[in-house]
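The paragraphs below lead a new reader through a structure step by step, beginning with one pair of helices and ending with the confidence of the model. Please keep the structure in view while reading.

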Amino acid sequence: MTFLSNLKPKFWDHIDISRGPHKYLFNFRKIWKLTVLLTLVVSIIPLIILAMIDYWVSYHSVMSENILRTSRLVSNTRRSVSYFLDERKAAIDFIILNETYELLNSTSHLERTLKNLQKGFGGFIDLGVINDKGVQISYTGPYELTGKDYSDATWFKDALDKGVYISDVFLGFRNIPHIIIAVKHALPDGGFYLLRATIDTERFTDLLAGLHVGGDGDAFLINREGDLQTPSRYHGEILSNIDIQTPEYSERSQVELIDRGPNNRLLIGYAYIHETPFILMIIKNQNRLMAPWYETQMQITGFLLISITTTVFVILGGITYLVNQIYLADQRRLQTMHEIEYANKMASLGRLSAGVAHEINNPLAIINEKAGLIKDLFTFTEKYNNDPRLMGLIDSVIRSVERCGAITRRLLNFARHKEIKIHEVDVREVVHEVLGFVGKESEYRSIDIQVEMDPDIPEIKSDQGRLQEVFLNLVTNAFAAIKEGGSLKITGAKTDKDYIVVDFTDDGHGIPESDIERVFEPFFSTRTGKGGTGLGLSITYGLVQELGGTIKCRSKVGEGATFTVTLPIATDVQEKNGDKKPSEKQ
Amino acid sequence: MKILLVDDEAEFVSALAERLSFRNIDADWVTRPEDAVPKVEETCYDVAVLDIKMPRVDGIELKKRLQAKCPDLKFIFFTGHGSEEVFKKGASEIGEDYYLLKPIKIDHLIAKLVEIEKQKGGVFDD
């Protein structure tokens, strides 16, 4: 909390103690909040929007790039697979066209043909001829299949219907995956036969396995039922059913994104291979594909966060500083206004008191002279000379006039003193004079005033009027804190060779520790609304500084307060002309 | 010694003159500053005691006029008005010591008169 309160700018907890119409131009908290909000919005929102736009644009471009690449790979691979099958089929077509039915019926010829095929193309395992009854009339290869009847087999019927048949992959001889290709050929007599070849699929297994598929990719063939026709890396053994639903038929290469959870998103490219039961599948791991993009995004996001943090700090710092400056300027403005107001007030008060003093002085002078004359008459005339009662009465009148005169003189003195005038000043006398102002009040409120001035206090070089004001303000201030029957103690002493110290100790309500630092601030007042302007102590502070001295405050709540004024004995303050600082006088 | 009192307050100045006469000081008085000039022409006074604030002619102006008539004349100001400007003007004209604030103590006034008399080198015939 202390850290936070240290950061808290001064204007934040500013309480307008002198609130009134037209006093304050600004609501600092509101200004601060509004400016911070607006600046943050205009600086951070565009950043975020840019980052979001970049996110979407780059995401979509990377996605379409991936899809395009996959689609191209699918098309190329399909072409290779089709070509492989077409080649084999073309070889069989060639044999049919090249050889006669009779020649093919001869097993030895068939055997030689198979050998040539194996040499020329490779991958051929066996070769057989099946007549229109579905009986294999000749066969060459590792099995003994001559005479086998296929008339009920589905593939035989398929081959009759379509003229060409390509089987699913099956594990045949030596547990190697194979396919069968059967081609129908019509004979001149209206009959027909089928030439059937078994081909091992190692070639296109190798072809698919050799494909470089990015993003933890996998390339394989499945049949329409979803059984794997070639081995896959991640999606099962050959002839096992794939864990992905068989895609819908399409003429062209297709790419789909399948979302199977946040860590299992697959980009699937597929193509149906014409005239075969095969579907080419290329499967990529979407997350792996997007990894580089994701990394870039993380960097951008990190940069964004750093930018936002910096912006926020700079804005908060800058605006707080500026608003604080406005606040301080406003405080100075207010102080100046108050001082002017106060100076005006004091000037009026000075004029008023001078006027009053004058008006009263003249009648007082008359009373004085008349009473004096009566006294003279009594003194110089034998008749009343020895009447002590009459003399007493006259003396009493004259004394009262003298008292009134003293008061009016004090009023005039108060209105005078405008320039710093450095004279030899007897601090004891100043204290005495000041106490004269408050003598009546202290009597009414039965405040006990003790003055203990060290006899060795020298006369100091200072401005009597200002010193008077300082002491008067401190005494008035103490009086405001003291309850009826309380006490004020004024002690003075010479502390070292250059300074004297005067303490004003009251037993009033005291000042909370948190406020002690602020008591000399202008407008800080605990007497708000009770006649305090909050200027007295700040003016006092200013005056003491003008005199080259210092003022300090010690206090405990409930135990009273002590104001300590330290004054230089020999001042280096220059006499100056100028308006007197207004004094707190209540 | 002969002195002239000029003050617009007749009640004040008459009583003061009478009191001074009890103390063997021959004091004439006028309430209108204009009347002071012929008085000075008539009689040779030692000291003129002037109120600073008077109608039409103020004490300072009057002092100049009287001084023109009678260069040896000495002056004391008194006033009930103690404003800054008046004090400055009066004090610079005559010196702070001879600027008295009403109500004045008669003994104080006499002390000042004695002082002037001594400066003049004359003898105060008490």
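In this predicted model, a useful place to begin is chain A, where the axes of helix α11 (residues 464–481) and helix α13 (residues 536–546) come within 9 Å and cross at roughly 150°. Because angles over 145 degrees count as roughly antiparallel, α11(A) and α13(A) are therefore described as roughly antiparallel to each other, and their crossing is left-handed. On the side of α11(A), the contact is made by A:Arg466, A:Glu469, A:Val470, A:Asn473, A:Leu474, A:Thr476 and A:Asn477, while α13(A) contributes A:Gly536, A:Leu537, A:Ile539, A:Thr540, A:Leu543, A:Val544 and A:Glu546.

A second pair of helices can be followed in chain B, where helix α2 (residues 33–42) and helix α3 (residues 59–69) have axes that come within 9 Å and cross at roughly 15°. Angles under 35 degrees count as roughly parallel, and α2(B) and α3(B) are therefore roughly parallel to each other, with α2(B) passing α3(B) in a right-handed crossing. The residues that make this contact are B:Pro33, B:Ala36, B:Val37, B:Val40 and B:Glu41 of α2(B), together with B:Leu62, B:Arg65, B:Leu66 and B:Lys69 of α3(B).

These helices belong to two chains that can now be viewed as wholes. Chain A has 586 residues, of which 29% are buried, and its secondary structure comes to 13 helices and 17 strands. Among the contacts in chain A between residues at least 6 apart in sequence, 64% join residues at least 24 apart. Chain B has 126 residues, of which 40% are buried, and it is built with five helices and five strands, which run β-α-β-α-β-α-β-α-β-α from the N terminus on. In chain B, residues 24 or more positions apart account for 61% of the contacts with a separation of 6 or more.

The interior can be followed through its nonpolar cores. The largest of them holds 53 residues, and those that touch the most other members are A:Ile181, A:Leu195, A:Leu221, A:Ile279, A:Leu280 and A:Met281. Helix α2 (residues 28–98) of chain A gives the most to this core, with seven residues. Apart from this core lies another, of 41 residues, which includes A:Ala365 and A:Ile366 as well as B:Met1 and B:Val40. To return to A:Leu280, its contacts, leaving aside neighbours within four places in sequence, are with A:Val74, A:Thr77, A:Arg78, A:Val81, A:Leu221, A:Tyr270, A:Ala271 and A:Ile273.

Where the chains meet, the contact takes 22 residues from chain A and 18 residues from chain B. On the side of chain A that touches chain B, the elements that give two or more residues are α7 (286–380) and α9 (388–415) of chain A, and α7(A) gives the most, with 15 residues.

It remains to consider the confidence of the prediction. The model scores ipTM 0.83 and pTM 0.52. Chain A averages a pLDDT of 82, with 88% of the residues scoring at least 70, although over residues 576–586 of chain A the pLDDT is below 50, and this stretch has 29 contacts in the model beyond near neighbours in sequence. For chain B the mean pLDDT is 83, and 91% of its residues reach 70 or more.

Notes. Residues are numbered from 1 along each chain as its sequence is written. Chains are lettered from A and ligands numbered from 1 in the order in which they are written. This is a predicted model: local features need pLDDT of at least 70, side-chain atom pairs count only at pLDDT 80 or more; totals for chains, interfaces and linings use all residues. A nonpolar core is a set of buried Ala, Val, Leu, Ile, Met, Phe, Trp, Tyr and Cys residues joined through C-beta atoms within 7 Å. A residue is buried if 20 or more other C-beta atoms lie within 10 Å of its own, exposed if 12 or fewer, and partly exposed in between; C-beta atoms are placed from the backbone. Helices (H or I, at least four residues) and strands (E, at least two) are DSSP runs, numbered from the N terminus. Two residues are in contact if their C-beta atoms, placed from the backbone, lie within 7 Å. pLDDT is the predictor's confidence in each residue, from 0 to 100. Axes are lines fitted to C-alpha atoms, for helices over the stretch in contact, and angles run from 0 to 180 degrees between N-to-C directions. Angles under 35 degrees count as roughly parallel, over 145 as roughly antiparallel, 65 to 115 as roughly perpendicular and the rest as oblique. A crossing is left-handed if the near helix is turned anticlockwise from the far one by less than a right angle, and right-handed if clockwise.
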